[in-house]
Amino acid sequence: MSGSGALNRFEQSLREAYGVFDIEPIGTSPRARGGMSPIAAGPFRGFRVRAQGVRSIRPALSGAWTHQAFILMSMSGDVSVHHYGRCVSLCAGDLVLMDSREACTIEVGDTGTQSMVLALPREMLSSMRPNADTLYGHHVAGKRGSTRMLSAILQTLHSDGDEDYGDDAVAMSVTMSLLENALNRYGPEEGRRTRASEQIARMREWAMPQVSDPDFDVEMLGQKFGLSRRSLYRLFAESRTTPHRWLANLRLELAQRWLMDPTSPHRSVCQIAYAAGFNDSSHFARLFKRRFGTPPAQLRTQNWSS
């Protein structure tokens with residue numbers, strides 16, 4: 001099979017699994033290729049991925065995936081992950097926690113890698129900290145302390161395949177305990193981000209009923225919570241975003257719900273865009289595709305065709 005054919009097949013496999021994914025070769029290397037196969041690792045389900053000389057680009061996921069997070073662990077070779085404004089490089093045994101609701105880019109050089117991607121419920125992470133956003137995108141080294149134990153357990157679970165452990169809940173509990181311990185090293189900075197995230201969560205609760213009003217803006221948000229423009233931007237910077245991007249994402253989430261609901265009172269994409277608070281349907285379509293990886297018209301057709 002040609003290099004381009006192999007990449008197309010790899011991309012198709014990723015799209016069948018996750019709904020959206022784009023693959024491109026890094027540079028002009030003829031070695032660009034990839035493949036994946038489903039795996040079971042105790043209570044976890046996921047994929048074993050083999051890749052070489054490729055860049056994988058995933059937007060935020062939708063549907064059932066929004067209730068999941070991912071552990072990405074390198075089993076051999078090096079892999080770079082761009083996620084939550086961070087760039088981390090993983091070698092064998094290292095891992096990173098990834099959010100299904102945020103975009104990511106994964107790069108693998110010519111030496112290639114084999115990695116394990118395991119899904120886990122988001123609520124398991126919420127039990128660790130008030131806001132799980134502080135946990136994503138960090139490099140977790142696999143050769144020290146509790147992380148060495150964690151990577152060894154995941155490797156063992158995967159190697160044993162579907163063998164019955166008798167109590168998957170125990171394996172899940174031990175894994176999450178070790179993961180929490182490994183992530184505890186992210187202290188003062190993450191504490192600030194947690195407090196910022198908690199305040200932004202309160203803002204979200206207040207703002208959601210109003211985002212469909214096109215006149216609702218970040219100045220109104222600042223006035224409601226007693227924050228100057230400078231303080232508002234500083235607050236959102238702690239969560240690696242801006243007030244305008246955050247507000248646009250709230251409107252995009254509202255539009256996504258309507259596009260996926262055949263009973264929505266808004267019948268066209270333009271109507272949905274304006275009803276969600278956007279003044280320009282073309283701008284809305286560009287933002288929507290960038291955020292969710294699918295044009296709004298295509299998502300509407302997929303969910304309204306039945």
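**Exercise 1.** Which residues does Thr-175 touch, not counting residues up to four places away in sequence?

*Solution.* Before the steps begin, keep in mind that this is a predicted model. The starting point is the position of Thr-175, which is found in helix 4, a helix that spans residues 168–183. Leaving aside residues up to four places away in sequence, Thr-175 touches Phe-44, Leu-150, Ile-153 and Leu-154. For one of these partners, Leu-150, the separation can be stated in two ways: Thr-175 and Leu-150 are 25 residues apart in sequence, and their C-alpha atoms are 6.3 Å apart in space. The last step concerns accessibility, and since buried means under 20% relative accessible area, Thr-175 with its value of 0% is buried.

**Exercise 2.** Decide for Ser-74 and for Ser-89 whether each is buried, partly exposed or exposed, and list what each of them touches.

*Solution.* Begin with Ser-74, whose place is in strand 5, residues 68–77. The relative accessible area of Ser-74 is 0%, and Ser-74 is therefore buried. Its contacts, not counting residues up to four places away in sequence, are with Val-79, Leu-90, Cys-91, Ala-92, Gly-93, Asp-94, Thr-113, Gln-114 and Ser-115.

Continue with Ser-89, which lies in strand 7, residues 86–90. The cut-offs needed here are 20% and 50%, with partly exposed in between, and Ser-89, at 49% relative accessibility, counts as partly exposed. With residues up to four places away in sequence again left out, Ser-89 touches Val-79, Ser-80, Asp-94 and His-139. To relate the two serines to each other, note that Ser-89 and Ser-74 are 15 residues apart in sequence, while the distance between their C-alpha atoms is 9.8 Å.

**Exercise 3.** Describe how helix 7 packs with helix 8, and find where the buried residues of helix 7 lie around its axis.

*Solution.* Two packed helices are described by the angle between their axes and by the distance between those axes. For helix 7 (residues 229–238) and helix 8 (residues 243–259), the angle is about 65 degrees and the axes are 9 Å apart. This makes helix 7 roughly perpendicular to helix 8. The next step is to name the residues that meet: helix 7 contributes Arg-229, Leu-232, Tyr-233 and Phe-236, and helix 8 contributes Pro-243, His-244 and Trp-246. Sorted by class, the residues of this contact are five nonpolar, one polar and one charged.

Turning to burial, the buried residues of helix 7 are Leu-232, Leu-235 and Phe-236. They cover an arc of only 90 degrees around the axis, which puts them on the same side of helix 7. The general background is that an α-helix has 3.6 residues a turn, so residues three or four places apart point the same way. Just after helix 7, Arg-240 takes a positive phi of about 60 degrees.

**Exercise 4.** At what angles does helix 8 pack with helix 10 and with helix 11, and which residues make each contact?

*Solution.* Take helix 10 before helix 11. Helix 8 and helix 10 pack at an angle of about 85 degrees, with 10 Å between their axes, and they are therefore roughly perpendicular to each other. On the side of helix 8 the contact involves Asn-249, Leu-252, Glu-253, Ala-255, Gln-256 and Leu-259, which meet Phe-284, Leu-287, Phe-288, Arg-291 and Phe-292 in helix 10. These residues divide into seven nonpolar, two polar and two charged.

With helix 11, helix 8 packs at an angle of about 35 degrees, and the axes are 9 Å apart. Gln-256, Trp-258 and Leu-259 of helix 8 make this contact together with Pro-296, Leu-299, Arg-300, Asn-303 and Trp-304 of helix 11. By class, the contact has five nonpolar, two polar and one charged residues.

To finish, consider burial in helix 11 (residues 296–304), where the buried residues are Pro-296, Leu-299 and Trp-304. Their arc around the axis is only 110 degrees, which puts them on the same side of helix 11. These buried residues pack against helix 8, helix 9 (269–275) and helix 10 (281–292).

**Exercise 5.** How many helices and strands does the protein chain have, and what percentage of its residues is buried?

*Solution.* The secondary structure comes to 11 helices and 10 strands. Of the 306 residues in the protein chain, 49% are buried.

Technical notes: Residues are numbered from 1 along each chain as its sequence is written. This is a predicted model: local features need pLDDT of at least 70, side-chain atom pairs count only at pLDDT 80 or more; totals for chains, interfaces and linings use all residues. Side-chain values use heavy atoms; hydrogens and water are left out. Axes are lines fitted to C-alpha atoms, for helices over the stretch in contact, and angles run from 0 to 180 degrees between N-to-C directions. Helices (H or I, at least four residues) and strands (E, at least two) are DSSP runs, numbered from the N terminus. Angles under 35 degrees count as roughly parallel, over 145 as roughly antiparallel, 65 to 115 as roughly perpendicular and the rest as oblique. Contact means heavy atoms within 4.5 Å. Ala, Val, Leu, Ile, Met, Phe, Trp, Tyr, Cys and Pro count as nonpolar, Asp, Glu, Lys and Arg as charged, and the others, Gly among them, as polar. Buried means under 20% relative accessible area, exposed over 50%, partly exposed in between (1.4 Å probe, protein chains only). The arc is that of the directions from the helix axis to the C-beta atoms.
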